Amino acid sequence: MENSGIQKCRKYFIFKIQDLVNNSYHTLEEKRQESLLKYIEICIDTYDELRMSLDQSKLNRSYEGLLDGLDAQLQKHPFRLLDLYKDDFSRLHCLLKPANGKREKESEKEKENGKGPEIHNIHRNLVALKKKLEAENMIERYIECLLKEQVFSNMDYLMEALVSDLLNMGYSMAYIVEYFKNQQKRFVETGDCEQIIRDMKNLNKIPVGFRIFIKYKVDSETQQERARELLGRHFELVSEEVLPANNQWMQDGWQVATKVYLALDAYKAIDMARKEFQSVKQLFDMWQATQNFIRDDIWYAWEDETGFHKIGLGSVDNTRMLSYIDNNYRKQMERFLQLEKTVVNENKGTLERVLYTLHTAKGYSIQNRFLNFWSSLEYILHPFPKYTIIEKARVIVPEVFSLFYLKNKLNIFWTRLTYCMEKKGYKEKYPALDFFCTDCREGKDYSTRKVISYLLDKEKYAPLLSELSFHIVLERECMELIMLLTEPQKASKAIKEYYEEIRHDLNYIYRLRNQLIHSAKDIDDSLEYISFRLYRYVNSVLSTILYYEEKNSAYSIIDILSSIDATYQNYSSKLFIEEPRKKQNNKEQESNTITEEEGYRLVRPKYLFLE
C-alpha cells in the first residue's frame with residue numbers, strides 16, 4: 001500500500017491550490033516563493049548593473065540582500081530534493097551562506113566595489129544554473145516532486161513555486177484557475193490523485209497563434225481617418241464578413257480590428273490584445289489631444305482550431321482578485337472620518353494620502369499600481385527613525401505580520417470551518433464540530449480564548465480532528481494550530497522563518513521598484529501578483545495604525561510604529577528562548593505544555609505602551 005502521507009499530500013494539493021490561484025483568504029498575497037528562474041534573472045541583472053555602476057556602494061548592498069533572499073528561496077524550493085539539482089543547490093548555499101563567513105569577510109574595498117572573488121563565483125554559477133533550468137522540462141520536474149512529497153509545509157512551498165513558474169512560463173492566471181478547478185472536479189469524479197498529477201504533463205506546451213477580434217467605435221466622424229490610420233499600424237482592420245455567420249457577437253455600428261497573438265492560452269492572448277489596444281487608445285488621445293474617442297467593446301472574441309469564441313474582459317482582469325479593496329476602503333474611510341476631528345494634524349495628512357492612493361490603485365496600470373503601493377508604504381513609515389525607507393520597511397512590516405501570524409491562522413481556520421458547517425446536513429453529520437462552532441461563537445466573530453482552550457486540550461480537540469477527516473485542508477490547518485500552540489519552540493521557529501521570508505521579499509520588491517524606475521527595464525506580468533503582496537503590506541500597517549488611533553486619537557503614527565517594534569522585540573525575546581518543557585512520564589507527556597493565558601498571549605500579544 002502506498003505511503004498514506006504521500007496520498008494525503010496529493011489530496012491536499014488538489015484542494016489547497018484552489019486557495020492560492022483564487023486568492024482565497026489572501027493566500028496569493030502570502031505567496032513569496034517566486035519563480036526561481038525569475039529570481040536568478042533579477043540577481044544576474046543586478047550584478048551586471050553593479051559592475052557598470054560608478055557608485056557601487058548602495059547597489060552592492062541591494063545585491064547582497066538579493067543573494068540572501070535567493071539562498072532562502074533555494075532552501076525551500078522543491079527542486080532541492082531532486083537528484084538533478086540537489087548538488088547545485090547545495091554548492092550555491094555554501095557560497096551564499098559559507099560556514100566560515102568568507103563572503104562577509106571579503107575586504108571592505110572588494111565588497112564596496114563588488115569585486116570580491118566569491119561574488120563573481122556566485123554570479124557565474126547563477127548564469128550556468130539558469131541555463132540548466134531553462135534546458136529542462138520544468139513541468140516534469142514538478143510532477144516528480146508532487147508525486148514524492150509527504151510533508152504539508154513542503155507542499156505549500158511547492159504549490160507557490162509551481163504557480164510562480166506557470167505565470168513565468170506565460171500562462172494567464174485565468175487559465176491556471178480554470179485548469180486547477182477542472183483538476184479538482186476530476187478528482188471528485190475519479191479519486192485518482194496520481195493520474196491527475198501525471199497528466200499535468202499537458203502543461204508543457206509551446207505558444208500557438210490565437211486570432212483575436214476586437215469591436216471598436218470612433219466617437220467622432222472627423223477623427224475616423226486618423227484613428228483607423230493609427231489602429232492600422234498595430235492591427236488588421238477587417239469587415240464583419242470575415243467573421244463566422246451567426247456569431248452572435250457583431251453588432252451594428254461597430255468596426256473590427258484583428259491580430260494573431262502567440263500565447264500558451266486564449267485568455268493570455270485576449271489580455272495581450274486588450275493591453276495593446278489600450279496602449280493605442282492612449283497614444284491616440286495624446287496625439288490628438290482627445291479623451292476616449294476610440295472605444296472598444298467589453299466583449300472580445302478569438303478564433304482557433306476549435307471554432308469562434310467570445311469572452312468578457314472581466315474574466316481576464318486580475319484586479320478582480322483585489323475586489324475586497326473597495327470593502328476595505330469603505331471600512332477604513334469610515335474609521336478615518338470618525339477620527340478626523342480628533343486626530344492630530346501630522347497623522348491626518350499621511351492617512352489621507354495613503355487612503356486615497358489605495359482607493360484609486362485599481363484604476364492604474366500594473367506598473368503605476370505597484371509604484372503607488374510602494375509610495376504609500378513610504379508615506380506611512382516615514383516617521384519611523386531609520387535612515388532609509390527599505391530599512392524602515394524591513395523592520396516594521398515583518399513585525400506587524402509576525403505579531404499577527406498565529407491569529408491570522410486562527411481566523412482562516414474559523415472562517416473556512418464555519419462556511420463548511422453552513423452546508424445542508426453538516427450540523428447533524430458532524431455534531432462535535434457544530435458544538436465547537438456554537439460554543440466558541442461570539443457575535444459575528446469567535447472567542448479567541450475559547451478556541452485556544454479547545455486546541456490546548458487533547459480531550460477537546462480529538463473529536464474535532466476525527467470529524468475533520470472529511471476536509472483535508474481543515475484537518476491540516478487544525479493539526480498545525482495544535483502543534484504551534486502546544487509546542488512553543490515550533491511556533492518560535494515558524495514565526496522566525498515567516499519574519500525572514502517577509503524581509504527577503506521586501507528586498508526583492510524594492511529591487512524591482514528601483515529597476516522599474518531607474519533601469520527603464522520592462523517587467524513581466526508577475527509584477528501584478530507581487531503588487532498584491534505589496535498592497536497587503538501597506539494595508540496591514542495602515543489597519544494597525546487606525547485601530548490604535550480609534551482607541552486613543554492622541555497617539556501619533558510614530559507612537560504606534562514604535563510600539564509595534566517594542567512589542568515584537570519583547571514578544572520574540574520571550575518566544576525564541578522558549579525551550580521544550582521536560583516531562584517525566586507518559587501521563588505528563590499528554591498534558592498541556594502551556595496554559596490558556598500563555599496560549600492567548602502567544603496568539604494575541606499585548607502591544608507595549610498602547611494597551
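**Exercises on strand pairing and nonpolar cores**

In β4, F213 has A301 as its bridge partner. The model used in these exercises is predicted.

**Exercise 1.** Starting from F213, trace the strand pairing through β4 and find which residue stands opposite A301 in β5.

*Solution.*
- Step 1. Strand β1 covers residues 208–218 and strand β4 covers residues 294–304. These two strands pair in the antiparallel sense, over seven bridges.
- Step 2. The bridge partner of F213 in β4 is A301.
- Step 3. Strand β5 (residues 307–312) pairs with β4 in the antiparallel sense over six bridges.
- Step 4. In β5, K310 stands opposite A301.
- Step 5. β4 and β5 form a hairpin, and two residues lie between them.

**Exercise 2.** Find which strands pair with β3, and in what sense.

*Solution.*
- Step 1. Strand β3 (residues 255–263) pairs with β1 over nine bridges, in the antiparallel sense. Within this pairing, Y216 stands opposite Q255.
- Step 2. Strand β2 (residues 236–238) also pairs with β3 in the antiparallel sense, over three bridges. Here E236 stands opposite T258.

**Exercise 3.** Classify Q224 as buried or exposed, and list what Q224 touches.

*Solution.*
- Step 1. Q224 lies in helix α11, which covers residues 224–234.
- Step 2. The relative accessible area of Q224 is 17%. Buried means under 20%, so Q224 is buried.
- Step 3. Not counting residues up to four places away in sequence, Q224 touches V218 and Q255. Q255 is the residue that Y216 stands opposite in β3, while V218 falls within β1, residues 208–218.

**Exercise 4.** Describe the largest nonpolar core: how many residues has it, and which helix gives the most to it?

*Solution.*
- Step 1. The largest nonpolar core has 184 residues.
- Step 2. Helix α24 (residues 526–551) gives the most to this core, namely 13 residues.
- Step 3. The residues with the most contacts inside the core are F13, F180, I212, L381 and F436.
- Step 4. Take F180 from that list. Leaving aside neighbours within four places in sequence, F180 is in contact with F13, I17, Q18, V21, L162, L166 and M200. One of these, F13, is also among the residues with the most contacts inside the core.
- Step 5. Another core, of eight residues, lies apart from the largest one; F213, L243, W254 and V256 are among its residues. F213 is the residue from which Exercise 1 began, with A301 as its bridge partner in β4.

Definitions and conventions: Residues numbered from 1 in each chain as written. Predicted model: local features only at pLDDT ≥ 70, side-chain atom pairs only at ≥ 80, totals over all residues. Heavy atoms only, no water. Core = buried A, V, L, I, M, F, W, Y, C linked by side-chain atoms within 4.5 Å. Buried < 20%, exposed > 50% of the residue type's maximum accessible area, 1.4 Å probe, protein only. Helix = DSSP H or I, 4+ residues; strand = E, 2+ residues; numbered from the N terminus. Contact = heavy atoms within 4.5 Å. Pairing = 2+ DSSP bridges.
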